[in-house]
Structures are given as structure tokens and as C-alpha cells.
Amino acid sequence: MTKIALPLLLGGAILYWMYRGFDFERVREVMLHEMDWTWMLLSFPFGILAQALRGWRWRQTLEPLDEHPRSCVSVNAIFLSYAASLVVPRIGEFTRCAVLKRWEGISFTRALGTVVTERMVDMLLMLLIVGATLLLEMSTFGTFFRQTGTSLQGILSSFSWAGWLVTIICLIAIGVLLYILVRNLQIYNKVKTTLSDVWKGITSLKGVHSVPSFLLMTVGIWLCYFLHYYLTFFCFDFTAHLGIACALVTFVVGSIAVIVPTPNGAGPWHFAVKTMLILYGVQEEQALYFVLIVHTVQTLLVVLLGIYAWARLAFIEGRGTRGEVREYSAGGQETG
């Protein structure tokens with residue numbers, strides 16, 4: 001219950017602070033009369049494809065373990081995992097492993113190991129994107145430092161009490177997330193066979209049949225994420241002219257912000273993207289429209305994909321505990 005309440009409270013507190021006194025009736029007017037929904041609809045296929053590519057890539061990392069889940073199950077497991085994370089942040093990683101265990105009989109811990117591998121690869125690519133963005137947009141960040149103070153002391157002194165409060169809350173939330181992850185790892189460390197399975201999953205990347213294909217899908221995932229976000233700029237007159245550089249900077253900052261464990265990054269993502277849009281000359285009220293509408297619509301897409309996956313899996317026949325039967329004989333020895 002705490003894992004559900006705390007993220008909701010954190011995200012809700014940040015959103016309340018950002019939107020206190022905000023005219024939500026005006027948002028309705030923007031959505032109905034001032035927004036170009038064509039671009040929003042064009043962004044949807046990229047959001048769906050990003051998740052589908054993640055499912056296909058995951059299937060590829062499982063093959064070296066002699067596990068061959070059906071593509072439809074892998075992709076729908078991803079759809080369902082993103083929807084589950086809206087309820088309990090970060091639980092989606094466990095949800096998709098549970099789906100493979102239920103429908104394909106694949107060891108939960110082996111699948112979890114491959115998820116760890118995927119996240120490590122994604123983190124490396126994200127670091128490259130962040131580094132490239134910093135180099136390309138150094139002048140923008142230079143402007144930011146000139147406006148807020150040229151030293152760390154100057155930046156800190158410009159913080160309002162509300163800014164400090166949001167920062168402290170986010171740091172505490174990150175600390176809680178790290179604690180939960182460490183505690184989960186400690187639970188796994190108690191079981192030798194579990195550790196072995198997780199390690200096999202982590203090292204599965206070295207046996208991937210086609211490394212170029214794996215890398216191509218990894219780049220494709222993040223390119224689709226970016227296009228899913230970037231196309232929404234053209235929905236509004238006040239962001240359509242900002243260009244791809246601004247989209248890249250706000251995309252990177254938003255991707256970092258979602259590390260804070262709230263449902264789909266609600267709150268931290270809004271705050272981070274809004275702040276950077278203001279830096280690029282967007283009025284604060286307009287920036288608030290953008291982050292609220294874009295995040296809400298894209299979150300609804302995640303919900304719809306989750307509902308679809310839940311319904312689709314209900315019509316797919318499960319393979320039971322085939323994986324566990326194959327892995328261990330009656331005497332407890334692994335049989336391959």
C-alpha cells in the first residue's frame with residue numbers, strides 16, 4: 001500500500017504546487033480550439049512502436065538462454081508492464097517477467113536478468129545522448145547560468161522555498177527507490193539458484209544471435225520515444241517553431257526526471273520540461289498547457305495499450321511450467 005501511496009502523494013504534491021490557481025477551463029479551450037490534434041495522432045504510432053521494439057529486443061536477449069517466447073506474448077508483456085507502472089512505479093519490470101512465466105513457462109529470475117541487461121544498455125545509450133546534447137546546446141546552458149548566477153552559490157541562492165521543497169522531496173524519493181532496489185537484491189541474494197538464473201540473464205547479451213540487430217532495435221526504441229515526444233511540439237503554435245534542438249534538450253531533461261518514482265514521471269517530468277521550455281522563451285502559462293496536455297494524452301495511450309494487452313493475453317493459450325520442467329530434473333539437476 002505504501003508503494004502506491006507514496007509515489008501518488010509525491011507526484012500529486014508537485015503537480016499541486018505547479019498548477020495551484022491554474023485556470024483548467026482554459027486548458028479545455030486549448031484542447032478543443034487551439035490544438036492541432038493531427039500531430040498528436042501522428043505521434044501515437046511511434047509510442048506504440050517503441051514499446052513493440054522493446055518486446056522484440058527482449059525476445060532476442062532470451063534466445064541465448066534457449067528461451068523462445070512468442071512475439072505476441074513478449075510485446076503484450078511490455079504493454080502491460082508500462083500500464084502496471086502507472087499504479088506502482090517500477091513494478092512493470094517484474095510484471096513483464098511474471099507474464100512470461102505465466103504464458104511461456106520461462107524462469108522469472110532468468111527473465112529478470114535479461115531486463116537488467118536491457119536497462120544497462122539503455123543507460124549507456126542515454127548517457128551518450130545526454131553528452132551529445134550538452135555539447136550541442138552548451139550555449140543554451142550558458143545562458144541559463146548567466147541568468148541564474150555564474151556560480152553554484154548564486155544558483156542555490158536563487159532557489160525559492162518551493163524550489164527547495166521540490167528538490168528535497170525528489171532526492172528523498174530517489175533514496176527510497178534505491179533502498180527498495182537494494183532490499184529486493186538482498187532477498188534474491190538469499191537464494192543461490194535465483195542468483196545463478198539472474199546472472200545467466202544478465203550475461204545473455206554476449207550470446208545474442210545478431211548484435212547489429214540488437215543495437216539497431218535499441219537505437220530504434222529511443223528514436224521512437226523521441227519522435228513520439230517531438231511531434232507533439234507541432235500541436236501548439238508556441239512550441240512548433242522551437243526546433244529539434246529544444247525538443248532534444250527537453251526530452252533528455254524529462255527522461256532524467258522520470259527517474260523519480262512517480263506514476264509515469266508525473267510531477268517531476270512536468271516540472272523539468274516546463275522549466276526548460278521557459279528557458280527557450282515559452283511563456284510559463286503556455287509551458288504548463290504543453291506539459292499537462294502532452295503527458296496526460298500519452299499516459300492515456302499507455303493505459304489503452306495495457307488494456308489491449310490484458311484482453312489479448314486472455315485469448316492466448318499458456319504453456320504452463322514448461323520452462324521449469326525443462327530446467328530441472330526430479331533430482332534437482334539442471335537438464336538444459
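Q: What is the relative accessible area of D66 in this model, given that D66 is partly exposed?
A: This is a predicted model, in which local features need pLDDT of at least 70, side-chain atom pairs need 80 or more, and totals for chains, interfaces and linings use all residues. Residues are numbered from 1 along each chain as its sequence is written, and side-chain values use heavy atoms, without hydrogens and water. D66 counts as partly exposed (buried is under 20% relative accessible area, exposed over 50%, partly exposed in between, with a 1.4 Å probe and protein chains only), because its relative accessible area is 40%.

Q: Where is D66 found, and what is its phi?
A: D66 is found in the loop between helix α3 and helix α4, the latter covering 71–87 (helices are DSSP runs of H or I with at least four residues, numbered from the N terminus). Although D66 is not a glycine, its phi is positive, at about 60 degrees.

Q: Which residue forms a salt bridge with R26?
A: The structure holds 12 salt bridges, each being a side-chain nitrogen of Lys or Arg within 4 Å of a carboxyl oxygen of Asp or Glu. R26 is partly exposed at 29% relative accessibility, and its partner is likewise partly exposed, with a relative accessible area of 40%. In this pair the closest N and O atoms are 2.7 Å apart, and the partner of R26 is E34.

Q: How many residues apart in sequence are the parts that R119 and E93 tie together?
A: The side chains of R119 and E93 meet in a salt bridge, with 2.4 Å from N to O. R119 counts as partly exposed at 32% relative accessibility, whereas E93 is buried, with a relative accessible area of 18%. Because R119 lies in helix α6 and E93 in helix α5, the pair ties together parts whose separation in sequence is 26 residues.

Q: Which residues do salt bridges that share partners join into one network?
A: R119 also forms a salt bridge with D122, and here the closest N and O atoms are 3.7 Å apart. Both R119 and D122 lie in helix α6, 3 residues apart, which is about one turn of the helix, and D122 counts as buried at 3% relative accessibility. Salt bridges that share partners join into one network the residues R54, R57, E93, R96, E118, R119 and D122.

Q: Is M123 buried or exposed?
A: M123 has its place in helix α6, which covers residues 108–136. Because the relative accessible area of M123 is 54%, this residue counts as exposed.

Definitions and conventions: Helices (H or I, at least four residues) and strands (E, at least two) are DSSP runs, numbered from the N terminus.
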